[in-house]
Amino acid sequence: MTSILYPEGKNKAEALCLNWHTWLHYIGNPPIDVIKVDIEGAEFEILPDMANYLQRYKPSLYLSFHPQLLEESIRVEKMEEMVFLFQVYSRCYDRKGHLTNSKSFFDAQTLNHGNAYLLIE
């Protein structure tokens, strides 16, 4: 297993990795109330796989975005994909608990340093 932080395998460790659908099947596909995602840039890979589940169950989602770990040329595109995915949520709060919206996903702070949000139906 490698990391987006250490693609050359520095500081590597063995870990069992399951994709979303396999893990969900393994645990019996229950409705989940809250999901926390803080996976250092890999959120852009796993969240699209979770789209159907998020649309169906609308669990509260605490999400740490790390677009700064992506190539600068694709950051906005990946954030646009997240905005489309999160249309099922009616409220978005920033890490300080202030009500915000998806426009804040594109501010310089988020694109260049990351940020965390709570999305609620």
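Student: How many residues of each class, nonpolar, polar and charged, are in the lining of the largest pocket?

Tutor: In this predicted model, the lining holds nine nonpolar, one polar and four charged residues. A pocket is an open set of 1 Å grid points where a 1.4 Å probe fits, with protein on both sides within 12 Å along at least five of seven lines, and lining residues have an atom within 4 Å of a point. Asp, Glu, Lys and Arg count as charged; Ala, Val, Leu, Ile, Met, Phe, Trp, Tyr, Cys and Pro as nonpolar; the others as polar.

Student: Why is Ser 64 called buried?

Tutor: Its relative accessible area is 9%, and buried means under 20% (exposed is over 50%, partly exposed in between, with a 1.4 Å probe and protein chains only); therefore Ser 64 is buried. Ser 64 lies in strand E2, residues 60–65 (a DSSP run of at least two residues; a helix needs at least four). Beyond four places in sequence, Ser 64 contacts (heavy atoms within 4.5 Å) Val 37, Asp 38, Glu 43, Asn 115 and Ala 116.

Student: What makes Glu 81 and Lys 78 a salt bridge?

Tutor: Their closest N and O atoms are 3.8 Å apart, and a Lys or Arg side-chain nitrogen must be within 4 Å of an Asp or Glu carboxyl oxygen, so the pair qualifies. The structure holds one salt bridge. Both residues lie in helix H4 (75–85), three residues apart, about one turn.

Student: Are Glu 81 and Lys 78 buried or exposed, and why?

Tutor: Glu 81, at 31%, is partly exposed, and Lys 78, at 22%, is partly exposed, because each value lies between the two cut-offs.

Student: How were residues and atoms selected?

Tutor: Residues are numbered from 1 along each chain as its sequence is written, and side-chain values use heavy atoms, without hydrogens and water. Local features need pLDDT of at least 70 and side-chain atom pairs 80 or more, while totals for chains, interfaces and linings use all residues.
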